[in-house]
Amino acid sequence: MSASSAATPTGPRTLYDKIFDAHVVDRQPDGTCLLYIDRHLVHEVTSPQAFEGLRMSGRRVHSPERTIAVPDHNVPTTPDRAQGIENPEGRLQVAELDRNAREFGVNYYPMNDVRQGIVHIVGPEQGWTLPGMTVVCGDSHTATHGAFGALAHGIGTSEVEHVLATQTLIQKKSRNMKVEITGTLRPGVTAKDITLAVIGRTGTAGGNGHVIEYCGEAIRGLSMEGRMTVCNMAIEGGARAGLIAPDETTFAYVNGRAHAPKGEAWESALAWWRTLQSDDGAHWDKVVTIRAEDIAPVVTWGTSPEDVLPITGRVPAPEDFAGGKVEAARRSLDYMGLTPGTPLTDIAIDAVFIGSCTNGRIEDLRAAAQVLRGKRLAPNVRGMVVPGSGLVRAQAEEEGLHQVFLDAGFEWRLAGCSMCLGMNPDQLAPGERCAATSNRNFEGRMGRGGRTHLMSPIMAAAAGIAGHLVDVRDVQAVSA
Amino acid sequence: MDKFTTLTGIAAPMPLVNIDTDMIIPKQFLKTIHRSGLGKNLFDEMRYNADGTENPDFVLNKPAWRGAEIIVAGDNFGCGSSREHAPWALKDFGIRSVISTSFADIFYNNCFQNGILPVVLPQDAVDALMRDAGHGANARITVDLERQVVTGADGTEYPFQIDPHRRHNMLEGLDDIGLTLAKSAEIGGYEQRIAQSQPWV
């Protein structure tokens with residue numbers, strides 16, 4: 001713990017310090033705090049026992065107006081969704097969420113509402129997520145919301161119940177870590193490459209015990225969609241949360257959203273939001289600096305998000321590593337079916353997945369469509385585009401992007417988590433290799449025996465056309 | 001949460017070290033929407049044969065220990081996955097205390113969330129209690145949280161340490177939610193301040 005962790009800091013503070021301090025309801029001498037939670041997002045997999053707990057103890061939801069529920073993990077993405085979920089357990093989990101949301105009176109986007117989608121895409125889209133807020137959800141990718149300068153992280157089921165019942169969470173302060181991306185990204189390099197490159201540098205445990213603030217010119221230059229992609233994977237670097245200080249880009253995105261403040265409240269909110277940045281001289285427990293110009297389009301080769309290499313690289317050998325990673329690399333290479341020394345661009349793929357809370361937003365679909373326009377998937381490669389929400393899907397259709405994907409041979413699906421974690425029927429077959437825009441390349445993540453290479457939407461689209469991993473910069477002149 | 005003061009009961013001996021939460025409740029039972037009802041699948045893969053029949057060699061299937069309320073276990077009980085389904089399954093079966101030389105951290109915390117008392121004792125004490133446990137109903141063990149002692153069948157007392165706050169919460173039957181609700185005035189005060197200063201939140 002940093003020296004400033006227990007008491008309220010009085011000197012220069014980080015953005016994390018400021019948001020944390022602003023939400024302390026009660027602080028014990030040992031630094032244990034009761035933190036107020038502004039937004040509680042809920043999905044069907046981690047919430048049933050929490051609601052059951054409330055029911056058994058006769059408790060109500062403390063702030064249903066601050067609680068937002070949406071089914072996303074189990075939902076089918078096929079056009080026949082309206083007919084219901086085939087798997088009985090998945091169907092029951094969604095039915096329970098339906099019942100709980102209505103019985104406890106929380107905000108709810110049911111499966112067939114056009115606003116339904118992945119909880120981490122719906123929250124920002126509807127203006128629930130605002131700068132300076134605390135946001136929690138029983139889901140590790142809650143880190144996504146940090147893109148707005150909100151303190152956002154995943155919690156367990158007991159904590160879900162605690163937040164439902166009290167609108168607070170018992171917390172101790174994490175340490176402060178700064179990740180600065182200086183300069184300007186080169187063409188063909190995206191937010192996904194930034195976040196993967198950071199994990200490649202720090203490792204999956206590099207952020208343990210910390211909250212990361214991403215800053216620097218390259219971060220400032222990102223859209224909100226790109227910033228969400230960066231913060232989404234803070235958890236893959238081990239951090240409790242990722243944060244980006246709000247600025248005009250943030251305010252422009254938020255302005256006019258359904259649940260964003262309006263009129264006088266908007267002006268008052270803006271005045272506070274503009275103070276939400278780290279002070280000069282604030283204490284950082286850890287600092288990582290990367291030049292944007294040094295980041296290439298990257299892909300993962302193994303079964304950990306830290307197994308990152310520039311697309312120009314070759315499959316590593318276990319002996320390239322040290323300590324426990326030697327055996328882990330050996331196991332990864334065996335699972336992935338790869339031979340050390342193989343150029344990454346020689347790795348043939350069977351599938352392309354474009355979607356997830358990491359890369360399922362409109363900008364991601366536009367970027368992928370730009371690469372795919374007038375092209376077709378290579379023979380034997382199947383492709384699936386799963387928009388992050390019903391509204392993303394509608395927007396894409398309005399722009400004609402769906403036709404680009406369909407013409408290229410992709411399936412154009414309904415919104416949900418889909419293949420990213422394979423809780424619904426969208427899964428890889430054993431041995432099937434996928435260029436994926438999602439966030440985890442763990443063994444079996446996208447289906448038992450499935451092989452996942454993580455990359456950006458334009459890299460995944462380019463791989464689909466080529467039939468193998470490829471440097472998107474060789475496929476066409478692309479703009480950053 | 002249920003209070004825990006004193007428990008006298010049959011203890012089941014499980015000397016195996018590193019009993020992980022996957023053994024306690026395998027992953028296929030995590031799709032449930034309930035905390036309750038997991039007891040029948042406690043230690044599922046050790047307890048049942050592939051055809052679903054009981055494995056007669058497993059301790060909790062033997063007549064002497066079917067009514068066990070305590071487990072005396074080998075080192076590092078509850079390691080692995082953080083699944084809260086593990087203490088849920090133990091409690092649903094009827095286990096209210098586990099005695100070992102050491103516990104995995106998350107499981108240890110999860111026990112307190114669910115009214116199960118994990119007791120850490122030195123190796124020689126665990127060895128002695130393991131022998132008692134082997135005698136089933138003929139050698140009942142007493143776990144006294146108030147006095148912080150475990151009493152073996154022969155009357156030998158084994159004192160144990162526990163965090164004072166956790167002890168207090170267990171004795172009073174308080175869970176985190178109950179404690180936090182006791183600070184309702186502070187939460188309400190915070191909400192009133194925010195309603196004034198940040199009405200959009």
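This briefing walks through a predicted model, topic by topic. Because the model is predicted, local features need pLDDT of at least 70 and side-chain atom pairs count only at pLDDT 80 or more, while totals for chains, interfaces and linings use all residues. Residues are numbered from 1 along each chain as its sequence is written, and chains are lettered from A and ligands numbered from 1 in the order in which they are written.

**Chain A as a whole**

- Let's start with the building blocks: chain A has 17 helices and 19 strands. Helices (H or I, at least four residues) and strands (E, at least two) are DSSP runs, numbered from the N terminus.
- The radius of gyration of chain A is 22 Å, close to the 23 Å that the globule rule gives for 480 residues, so chain A is as compact as a globular protein of that length. This radius is taken over C-alpha atoms, and the rule is 2.2 Å times the number of residues to the power 0.38.
- Along the principal axes, the C-alpha atoms of chain A fill a box of roughly 60 × 55 × 45 Å.
- Of the 480 residues in chain A, 58% are buried. A residue is buried if 20 or more other C-beta atoms lie within 10 Å of its own, exposed if 12 or fewer, and partly exposed in between, with C-beta atoms placed from the backbone.
- Take the contacts in chain A between residues at least 6 apart in sequence: 77% of them join residues at least 24 apart. Two residues are in contact if their C-beta atoms, placed from the backbone, lie within 7 Å.

**Domains of chain A**

- Chain A is divided into domain 1 (15-173), domain 2 (175-246 + 278-294) and domain 3 (298-475), with bounds that come from an automatic or database domain assignment.
- The C-alpha centres of domain 1 and domain 3 of chain A lie 28 Å apart, and 22 residues of domain 1 are in contact with 22 residues of domain 3.
- On the side of domain 1 of chain A that touches domain 3, helix H4 (residues 119-125) of chain A supplies the largest share, four residues.
- That side of domain 1 has seven nonpolar, ten polar and five charged residues. Here Ala, Val, Leu, Ile, Met, Phe, Trp, Tyr, Cys and Pro count as nonpolar, Asp, Glu, Lys and Arg as charged, and the others, Gly among them, as polar.

**Strands side by side**

- An open sheet of five strands in chain A follows the order E5-E4-E3-E6-E7, with parallel pairing. Strand E5 (107-108) and strand E7 (151-154) of chain A stand at the edges, each with a single partner strand, so one side of each has no neighbour in the sheet. Two strands pair if DSSP finds at least two bridges between them.
- Inside this sheet, strand E3 (residues 39-42) and strand E6 (residues 134-137) of chain A pair in the parallel sense over three bridges. Leu41(A) stands opposite Cys137(A) in E6(A).
- Elsewhere, four bridges join strand E15 (residues 351-354) of chain A to the parallel strand E16 (residues 382-385) of chain A, and Val352(A) faces Gly383(A) in E16(A).

**Nonpolar cores**

- The largest nonpolar core has 150 residues, and those with the most contacts inside it are Val352(A), Ala368(A), Ala460(A), Ala462(A) and Ala463(A). Such a core is a set of buried Ala, Val, Leu, Ile, Met, Phe, Trp, Tyr and Cys residues joined through C-beta atoms within 7 Å.
- Helix H16 (residues 457-466) of chain A gives the most to this core, with eight residues.
- Leaving aside neighbours within four places in sequence, Ala460(A) has contacts that include Val352(A), Ala368(A) and Met455(A).
- Apart from the largest core lies another core, of 47 residues, including Ala12(B) and Val59(B).

**A covered helix and a loop residue**

- Helix H8 (residues 224-232) of chain A is mostly covered, with eight of its nine residues buried. Among them are Glu225(A), Arg227(A) and Met228(A).
- Arg376(A) lies in the loop between H13 and E16 of chain A. With 14 C-beta neighbours inside 10 Å, Arg376(A) counts as partly exposed.
- Arg376(A) and Ile465(A) are 89 residues apart in sequence, yet 5.9 Å apart in space, C-alpha to C-alpha.

**Where chain B meets chain A**

- 19 residues of chain B are in contact with 28 residues of chain A.
- Helix H7 (176-181) and helix H8 (184-197) of chain B are the elements that give two or more residues to the side of chain B that touches chain A. H7(B) gives the most, with four residues.
- By class, that side of chain B has eight nonpolar, five polar and six charged residues.
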